[in-house]
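Subject: Structure handover

Hi,

Here is the structure I said I would pass on. Have it open while you read, and my notes on it follow below.

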Amino acid sequence: MILSTNNISSHFHSDQFLLWSLRFLALMAGSLLLLVVVFLVHEAWPAFQQIGLTSFFTDADWAPTEKLYLLTPMLWGTLWATLGAIMLAAPIGILSALFIQYCAPPFLARGYRRLIELLSGIPSVVFGLWGLVVLVPLIARWQPPGPSLLAGILILFLMILPTITLVVQASLAQIPVSFIHNATALGLSRWSMIRRVILPTAKAGIFTGIFLGVARALGETMAILMVCGNVVQTPSHLFDPIRTLTANIALEMAYALGNHRSTLFVSGLLLMGMVVVFVMMAEGLRHREIYAATK
Amino acid sequence: MLPQSKSVQDHCGAAIIWSSTGLISFGVLWLLGDLLWHGWSQLSWSFLFSSPENAGREGGIGPILISTSLILGVCMIVAWPMGLGTAIFLAEFTQDDHRFGRLIRGSLDVLAGVPSIVFGLFGNALFCQALGLGFSILSGGLTLACMVLPILIRTTEESFRAITSDQRLSAAALGFSTSTTVGSILLPAAIPGLLVGSILGIGRAMAETAALIFTSGYVDRMPESLLDSGRALSIHIYDLAMNVAGGNPNAYATAVVLVGLLIIINLAASWIAEKWTTLNQLPT
Amino acid sequence: MTRFKLVAWLGAFFFIVTVFSQTLAMGTQGKLVITGSSTMAPLVSEIGKRFESLHPGTRIDVQTGGSSRGIADTVNGLADIGMVSRALKPQEHSLHGAAIAHDGITMILHQDNPVHELTDKQIKAIYTGDITNWKTVGGPDAPITVVNKAEGRSTLELFLQYFQLSNRAIRAHVIIGDNEQGIKTIAGNPHAIGYVSVGTAQYDATHEVPIRLLALQHIPATLETVQNGTFPLSRPLTLVSKTPPTGLAQTFIEFSRSSAVHDLIHKQYFVPLP
C-alpha cells in the first residue's frame with residue numbers, strides 16, 4: 001500500500017489530521033470487542049470459580065436445577081448446524097453471485113439480486129415462524145418429530161445465503177474488465193475463465209462472504225430456537241432435535257440465577273472461542289494464499 | 001460479457017447455475033408468498049398509522065414503525081462514520097502484517113460471531129445500566145451499531161482493497177494529498193462494497209430481535225424522545241406470533257410491512273449509490 | 001472529501017443536539033417501570049394503557065424478560081413492580097405479591113388424534129417415556145412426540161409439581177419456550193402431546209387451529225372450570241413489589257385488581273379474580 005505511513009512524507013496537514021482521526025476511530029471499533037469480552041468474563045466468573053472448566057465437558061447432563069452443567073451436546077449441535085448450513089450456502093451462494101454477474105440477462109439479474117437483498121433483511125423470527133409452521137410439519141410427515149437438525153440447517157442456509165451471494169457478487173463486480181478481455185483474447189472457454197481467472201481474483205471476497213456467513217450462523221438465536229427442538233442431546237442423524245448454545249442462552253437466561261446464569265455466559269464465551277479459532281484458521285489460510293501468490 | 005458457451009463443461013456449468021438459482025428463487029417466493037397470503041387481509045392505511053390495540057391483535061403499528069426507524073437511524077449514524085473510518089484505515093494505512101491493523105481486524109472478526117442475545121445482554125449492561133440510558137431507543141440503536149460494525153467494516157475494507165494500485169499511483173504522481181485521493185478517487189470506486197455493506201447492515205439491524213428485547217424494550221407507545229423505550233417491528237412480530245393468542249394475522253401483516261420497508265430502503269440505497277458514482281465519473 | 005466531511009459533521013451535530021434536547025425535555029411525571037413474565041406482559045401493558053388514559057401524565061412502561069427477571073429487577077430497584085406468572089416461592093416472601101388474575105394449564109393434542117381422554121398415570125408414563133406409542137392408550141399406531149417446556153418456566157414447574165416428576169425424568173422430543181410455539185408445534189404434528197395455558201389453547205381451538213384440549217381427572221379444561229376452582233392445574237398471575245406498594249405503584253396495583261379491568265383480563269383469555 002503506497003499510502004502506508006511508513007513511506008509517506010506528507011506535506012499536507014489534512015493528511016495528518018486524517019490519519020489520527022482514522023486511528024482513533026479504528027481504536028474505538030477495536031476496543032468494542034474488549035468491552036464485550038470483559039463483560040462476558042465478568043458475568044461468567046462465578047461459574048469458573050465454583051464449577052470449574054472441566055465440569056462443562058465431563059458432567060453427566062445439562063440439568064442446572066441439579067447442578068449438572070454439561071455443554072458438549074450443545075456444542076456439537078452448534079457445530080453441526082453451522083457446518084451443514086455453510087456446506088449448502090457456500091457453493092450455492094457463489095453460483096448465485098456468478099449468475100447475477102455473468103449468466104443472467106440484466107433484467108433477471110437485477111430482479112434476482114433484489115430478491116436476495118430482501119432475503120437478507122427478513123427477521124430471524126419470520127424465518128423461525130415460517131420454519132415452524134411450514135417446514136417442520138413437512139419434515140414431521142417424513143420423519144417425526146419434525147423440529148430437527150435438518151430444519152435448523154435449512155433455515156440457517158436461507159439466512160446466510162444472501163450474505164455470501166451479495167458479498168461475492170460485489171467483489172465480482174470489482175474485477176477489472178481487462179482481466180476478462182485478456183482471458184477472452186487467450187481463448188479461454190466460459191467455464192475455464194470462471195474457474196481460473198474470475199474466482200481466484202475474487203478469492204478475498206469469497207473468504208469474506210463465507211466468514212460473515214459462518215459468523216452469522218454461529219450467532220443465530222431466534223430462528224434456531226423455533227425449529228430445532230431444543231432437546232439437549234448430541235445429534236446422531238439429521239432428524240434428531242438439537243439445542244445450540246445460543247438457543248440455550250435464549251431459553252434459559254430469562255429464568256436463570258446464580259451459577260446457572262454464569263454458566264450461560266460461559267457458553268457465550270465458548271462460542272466466541274469457536275469464532276476466534278475460525279478466524280485464526282482463516283487468517284492462516286489467507287497468509288499462505290497471499291505469499292503463495294507473490295512467489 | 002463472457003464468451004459464448006461452447007463446451008459440454010460450459011453447458012453443464014450453466015445448467016447447474018440456472019437450476020440452483022431457480023431453486024432459491026422458488027424458496028424465497030414461497031416464503032414471501034406465505035407472508036403475503038396470511039397478512040394481506042390485515043393491511044390498510046390505518047394499519048400503518050394507528051396504534052396497536054388489544055395487545056396488538058387489533059389496531060395498527062404506527063408507533064412501532066416510528067420506533068424502528070429511529071432505532072435504525074441511530075444505528076446507522078453511529079456505525080457509518082466509525083465503520084468507514086476504520087475500513088479506510090485498515091485498507092489504506094496498514095499493510096497486511098501491520099500489528100495494530102491485524103489486531104483491529106481480528107477483534108472485529110470475532111465480534112461478528114458474537115450471538116445476538118449476548119449483544120442484547122451486553123447492551124443492557126453497558127448502555128441501559130452503566131451509562132444510565134435505561135430501556136430506550138438510544139440503547140437499542142447503539143447496541144445494533146455494535147452488531148453491524150463488523151459487517152460494514154469487512155465489506156468496505158474488501159472493496160477498497162480490490163481497487164487496483166494504478167489509481168493510487170496516478171494520484172500520487174499528480175501530487176494529490178491522501179485525503180483527496182481517498183475522498184475523490186478511492187471512495188467512489190469502492191461504492192459497490194459500500195452499498196453491499198449498508199444493505200447487509202440495515203438488513204441485519206432490522207432483522208434483530210434478541211438484542212433489542214433487552215435494550216430498546218417492549219413498550220408500544222409512540223416514543224417522545226430517543227430516551228423513550230420503543231418496540232421494534234421484529235419484536236412486535238415475535239410477540240404477536242409467539243406470545244399473544246390470536247396475534248397471527250397481524251404478525252404476518254407486520255412482516256409484510258417490514259419486507260416492504262426493506263424494499264424501499266434497498267432501492268433508496270442503490271439509487272444513492274448510482275447517483276454518487278455518476279456524479280463522480282469524468283465525462284467520456 | 002469536503003462533501004463527506006460535511007455530511008459526517010452535520011450528522012454528528014444533529015445527533016448530539018437531538019440527544020441533549022431530549023434529555024432536557026424528559027420530565028418524570030409519575031413513571032412506573034414494570035418488568036417480568038412475558039405471559040403477563042400483554043395483559044399488564046393493556047392495563048397500563050387504560051391506567052394512563054384515566055390518569056393523564058403518568059407513564060407505565062412494561063418490559064419483558066421472564067418471571068425471574070421480574071423478581072431480580074424488583075429486588076435491585078431496576079423495576080418498580082415485577083410480573084411473576086406463579087405464586088411466590090417461600091424464599092421470596094420478603095417481597096409483596098398481589099395476584100391480579102388466574103391462568104390454567106391444559107394438556108393438548110392434535111385435533112385428528114382420536115384419543116379423547118388420558119388419565120394422570122398415562123400422561124406421566126408418556127412423559128417419562130414408558131409409553132411411546134399411541135396404540136397403548138387407544139390411539140393409532142404411531143410414535144408419540146412429547147413436547148415439554150424449557151426449564152425455569154413457571155408452567156413447567158407447575159406441571160412437574162402436579163404430576164410429581166423431576167425434569168430429568170422426562171423424555172421429551174421437543175422443548176418449547178412460549179405458549180404459542182407449543183401450540184404451533186402440536187398443530188403441525190398429528191402425533192404430538194404438550195401442555196400450554198388454558199386461555200391460549202381455548203382461543204386457538206375455537207379459531208381454526210387444529211388442537212384439542214384434554215380433560216384432567218375428568219374435569220374439562222375451560223376458563224369456566226379454572227374460574228370456579230374445579231380445574232386442578234392453575235396458577236395466579238402476580239404483581240410483586242419490594243416493599244408494601246405506595247404512591248403510584250399502589251394505585252396501579254389496586255387498579256389491576258379491581259373490576260375495572262375484568263374485560264381486559266377476559267380479552268387476554270385469563271380468569272379474573274373472583
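In this predicted model, strands β4 (residues 96-110) and β9 (residues 234-241) of chain C pair in the antiparallel sense, with eight bridges between them. If you want a spot to click on, Gly104(C) has Ser234(C) in β9(C) as its bridge partner.

β4(C) has other partners too. With β7(C) the pairing is antiparallel and runs over five bridges; there, Ile108(C) is bridged to Gly194(C). β8(C) also runs antiparallel to β4(C), and three bridges join the two. Ile108(C) turns up again here, with Leu213(C) as its bridge partner in β8(C). Then there is strand β10 (residues 271-272) of chain C, antiparallel to β4(C) and joined to it by two bridges. In that pairing, look for Ala101(C), which stands opposite Pro272(C).

Next, a helix that packs against some of those strands. Helix α7 of chain C covers residues 198-205, and six of its eight residues are buried, so by the 20-neighbour cut-off within 10 Å the helix is mostly covered. The buried ones are Val198(C), Gly199(C), Thr200(C), Ala201(C), Gln202(C) and Asp204(C). What do the buried residues of α7(C) pack against? They pack against β4 (96-110), β7 (192-197) and β8 (211-213), and also against the helices α6 (179-187) and α8 (223-227), all in chain C.

Elsewhere in chain C, have a look at strand β2 (residues 59-64). Why is β2(C) described as largely enclosed by the rest of the structure? Because six of its six residues are buried. Both faces are involved: Arg59(C), Asp61(C) and Gln63(C) point one way, Ile60(C), Val62(C) and Thr64(C) point the other way, and all are buried. β2(C) is also joined to strand β1 (residues 31-36) of chain C by six bridges, and these two run parallel. In this pair, Thr35(C) stands opposite Gln63(C), and Gln63(C) is one of the buried residues just listed.

Stepping back to chain C as a whole: there are ten helices and ten strands. The C-alpha trace spans about 75 × 55 × 35 Å along its principal axes. Of the 274 residues in chain C, 47% are buried. Contacts reach across the sequence as well: among those between residues at least 6 apart, 71% join residues at least 24 apart.

Now, how far does the predictor trust chain C? The mean pLDDT of the chain is 85, and 91% of its residues reach 70 or more. Among its elements, strand β3 (residues 81-84) has the highest mean, at 92, while helix α1 (residues 2-25) has the lowest, at 60. Residues 21-28 of chain C have a pLDDT below 50, and in the model this stretch makes seven contacts beyond near neighbours in sequence. For the complex, the predictor gives an ipTM of 0.81 and a pTM of 0.86.

The other chains deserve a look as well. Where chains A and B touch, the contact takes 84 residues from chain A and 87 residues from chain B. On the side of chain A, helix α1 (residues 13-50) gives the largest share, with 18 residues. By class, that side of chain A has 59 nonpolar, 21 polar and four charged residues.

Also in chain A is helix α9 (residues 203-219), with 17 residues. From its first C-alpha to its last α9(A) reaches 24 Å, close to the 24 Å expected at 1.5 Å a residue. Is α9(A) mostly covered or mostly open? Mostly covered, with 14 of its 17 residues buried.

Last, chain B. Its domain assignment gives domain 1 (8-40) and domain 2 (47-280). The centres of these two domains, taken over C-alpha atoms, are 28 Å apart. Five residues from domain 1 and seven residues from domain 2 form the contact. On the side of domain 1 that touches domain 2, three residues are nonpolar, two are polar and none is charged.

That is the lot from me for now.

Cheers

Technical notes. Residues numbered from 1 in each chain as written. Chains lettered and ligands numbered in written order. Predicted model: local features only at pLDDT ≥ 70, side-chain atom pairs only at ≥ 80, totals over all residues. Buried ≥ 20, exposed ≤ 12 C-beta atoms within 10 Å, placed from the backbone. Helix = DSSP H or I, 4+ residues; strand = E, 2+ residues; numbered from the N terminus. Contact = placed C-beta atoms within 7 Å. Pairing = 2+ DSSP bridges. pLDDT = per-residue confidence, 0-100. Nonpolar A, V, L, I, M, F, W, Y, C, P; charged D, E, K, R; others polar. Domains from an automatic or database assignment. Expected span 1.5 Å × (residues − 1).
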